[in-house]
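Please examine the structure shown below. The paragraphs that follow move from individual residues to the chain as a whole.

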Amino acid sequence: MIKTPNRLLMSIAIFCSAFTLQTVHAEQASVSLIAENQFIIQLPDVDREELVDQVMTLRSELIQRKQVLLKIVADKKLDGADALVTIIMPGGLLYAGYKKVRYEQAKNELDRVSDDIEEFSSDLLAVQSMAVPVVVALQP
């Protein structure tokens, strides 16, 4: 008998929180544009300084990750000692193959991180070069 009022209160609390969350997100300022076919597009207002700070933070984290990956790639590269182990030890070819795969994985991740850093750098330049907010629309 006690479970029924608890379920009722829980369902009311869930519905109230759902409606509250929608109203919080609905108050975000937006820019309205009317396209050629009379569609209304609402774009959220973006704080450029905050966006630049977030991109710079992500870029600096990627640069730190790149430094770690450079050390990992240098450590995993096959050298003379690995060649000696490959020749002498039974199962040395398995060892060399495993080391080669790990080296290639680290090298591929390093390439992806480097590409991401370049992309973030170009994005930063694009966002910082824009001094005033710009709204682009087609003329009818």
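When residues up to four places away in sequence are set aside, L62 touches V113, D116, I117 and F120. This model is predicted, and these contacts are therefore features of a computed structure. L62 also belongs to the largest nonpolar core, which has eight residues in all. Its other members are L69, V73, Y103, A106, L110, V113 and I117. V113 and I117 thus appear both among the residues that L62 touches and in the core. Which helices each supply at least two residues of this core? They are helix 2 and helix 4. The largest share, five residues, comes from helix 4.

The architecture of the chain gives these elements their place. The chain contains four helices and two strands. Read along the sequence, they follow the pattern α-β-β-α-α-α. Helix 2 covers residues 48-76 and helix 4 covers residues 92-129, while helix 3 covers residues 80-88. Strand 1 spans residues 30-34, and strand 2 spans residues 40-44.

Charged side chains offer a second way to follow the structure. Side chains of opposite charge can pair when their charged atoms come close. How many salt bridges does a search of the whole structure find? The search finds three.

One of these salt bridges joins the side chains of R65 and E109, with a distance of 2.7 Å from N to O. The pair links distant parts of the chain, since R65 is in helix 2 and E109 is in helix 4, 44 residues apart. R65 is partly exposed, with a relative accessible area of 33%. E109 is likewise partly exposed, and its relative accessible area is 27%.

Another salt bridge is formed by D82 and K99, whose closest N and O atoms are 3.4 Å apart. D82 lies in helix 3 and K99 in helix 4, so this pair ties together parts that are 17 residues apart in sequence. Are these two residues buried or exposed? D82 has a relative accessible area of 6% and is therefore buried. K99 has a relative accessibility of 18% and also counts as buried, because the cut-off for a buried residue is under 20%.

K99 has further partners beyond D82. Leaving aside neighbours within four places in sequence, K99 is in contact with D75, K76, K77, L78 and D82. For L78, the separation can be stated in two ways: K99 and L78 are 21 residues apart in sequence, and their C-alpha atoms are 7.3 Å apart in space.

The remaining salt bridge is formed by the side chains of K100 and E104, at 3.5 Å from N to O. Both residues are in helix 4, and because they are four residues apart there, about one helical turn separates them. K100 counts as partly exposed at 39% relative accessibility, and E104 counts as partly exposed at 29%.

The surface also carries nonpolar side chains. F39, I41 and L43 make a nonpolar surface patch of about 290 Å². L43 lies in strand 2, and its relative accessible area of 41% makes it partly exposed. For the chain as a whole, the exposed area is about 11800 Å², of which carbon and sulfur atoms supply 63%. Of the 140 residues of the chain, 13% count as buried.

Contacts can be considered across the entire chain as well. Among contacts between residues at least 6 apart in sequence, 58% join residues at least 24 apart.

Finally, the reader should consider the confidence of the prediction. The chain averages a pLDDT of 77, and 66% of the residues score at least 70. Where is confidence highest in the chain, and where is it lowest? Confidence is highest in helix 2, at 90, and lowest in strand 1, at a mean of 55. Over residues 22-27 the pLDDT is below 50, and this stretch has zero contacts in the model beyond near neighbours in sequence. Helix 2, with its confidence of 90, is also one of the helices that each supply at least two residues of the largest nonpolar core.

Conventions. Residues numbered from 1 in each chain as written. Predicted model: local features only at pLDDT ≥ 70, side-chain atom pairs only at ≥ 80, totals over all residues. Heavy atoms only, no water. Salt bridge = Lys/Arg side-chain N within 4 Å of Asp/Glu carboxyl O. Buried < 20%, exposed > 50% of the residue type's maximum accessible area, 1.4 Å probe, protein only. Patch = residues over 30% accessible without salt bridge, like charges linked within 9 Å, V, L, I, M, F, W, Y side chains within 5 Å. Areas by Shrake-Rupley, 256 points an atom, 1.4 Å probe, with all protein chains shown as cover. pLDDT = per-residue confidence, 0-100. Contact = heavy atoms within 4.5 Å. Core = buried A, V, L, I, M, F, W, Y, C linked by side-chain atoms within 4.5 Å.
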